[in-house]
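Visitor: Before we look at individual contacts, I would like each label in this tour to be justified by its value and its criterion. Could we begin with the terms themselves?

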Amino acid sequence: MCNRLELHQEGESEFFDVLSKRSQTVLSSDSSGGVQSSFSFVCPNSVVFQLAEDVREMWEVSDNPVVHKIQDINATVFGETAAGISVKEIRRRDPSFSLP
């Protein structure tokens, strides 16, 4: 089974190839016969959880320009504005604060 260091060294341009290989590893190592509780997928020691963690890490450290563009768009669309951050901090310090 690959570890995170091996995944990172495979090369950022092979992101989806590595993801495909890891997905096949998850599917082939599932010994439950397809019957699992929904909680077993989110346990930190489950193979699915480890795969998700590896994918998240690869996404965050990727040097791929397409990934950077998607991250920029995500930050623009879903990011907090400076005014939103300020109001949140004021409300954290004074819960009774309200704007007129």
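Guide: A salt bridge here is a side-chain nitrogen of Lys or Arg within 4 Å of a carboxyl oxygen of Asp or Glu. Please keep in mind throughout that this is a predicted model.

Visitor: What makes the contact of Glu89 and Arg93 a salt bridge?

Guide: The side chains of Glu89 and Arg93 meet at 2.7 Å, N to O, and the criterion asks for a nitrogen of Lys or Arg within 4 Å of a carboxyl oxygen, so the label applies. As for their placement, Glu89 and Arg93 are four residues apart in helix H5, and are therefore separated by about one helical turn.

Visitor: Which other salt bridge does Glu89 make, and how do you know that the term fits?

Guide: Glu89 also meets Arg92, with 2.6 Å from N to O, which again satisfies the requirement of lying within 4 Å. Because Glu89 and Arg92 are three residues apart in helix H5 (residues 82–93), about one helical turn separates them.

Visitor: Why is Arg92 called exposed, and what is Glu89 called at 29% relative accessibility?

Guide: Exposed requires a relative accessible area over 50%; Arg92 has 57% and is therefore exposed, and Arg93, with 66%, is exposed as well. Glu89, at 29%, counts as partly exposed, because that class lies between the 20% limit for buried and the 50% limit for exposed.

Visitor: What makes the pair of Arg56 and Glu53 a salt bridge?

Guide: Their side chains meet at 2.3 Å, N to O, and the cut-off is 4 Å, so the pair qualifies. Arg56 and Glu53 are three residues apart in helix H3 (residues 47–61), which means that about one helical turn lies between them. Arg56 has a relative accessible area of 39% and is therefore partly exposed. Glu53 and Arg56 also belong, with Glu60, to a network of salt bridges, while a search of the whole structure finds five salt bridges.

Visitor: What makes Ile73, Val77 and Phe78 a nonpolar surface patch?

Guide: Nonpolar side chains are joined within 5 Å, provided that each residue has over 30% relative accessible area and no salt bridge; Ile73, Val77 and Phe78 make such a patch, of about 350 Å². Val77, found in helix H4 (residues 65–78), has a relative accessible area of 54% and is therefore exposed, the limit being 50%.

Visitor: How many helices and strands does the protein chain have, and what share of its residues counts as buried?

Guide: The chain has five helices and zero strands. Of its 100 residues, 14% count as buried, a label that requires under 20% relative accessible area. The chain exposes about 7,700 Å², of which carbon and sulfur atoms supply 60%.

Visitor: Which element has the lowest mean pLDDT, and which the highest?

Guide: Helix H1 (residues 4–9) has the lowest mean, 45, and H5 the highest, 92. Over residues 1–10 the pLDDT is below 50, although this stretch has 15 contacts in the model beyond near neighbours in sequence. Where pLDDT is low, the predicted coordinates should not be read in detail. The chain as a whole averages a pLDDT of 74, and 62% of the residues score at least 70.

Definitions and conventions. Residues numbered from 1 in each chain as written. Predicted model: local features only at pLDDT ≥ 70, side-chain atom pairs only at ≥ 80, totals over all residues. Heavy atoms only, no water. Helix = DSSP H or I, 4+ residues; strand = E, 2+ residues; numbered from the N terminus. Buried < 20%, exposed > 50% of the residue type's maximum accessible area, 1.4 Å probe, protein only. Areas by Shrake-Rupley, 256 points an atom, 1.4 Å probe, with all protein chains shown as cover. Patch = residues over 30% accessible without salt bridge, like charges linked within 9 Å, V, L, I, M, F, W, Y side chains within 5 Å. pLDDT = per-residue confidence, 0-100. Contact = heavy atoms within 4.5 Å.
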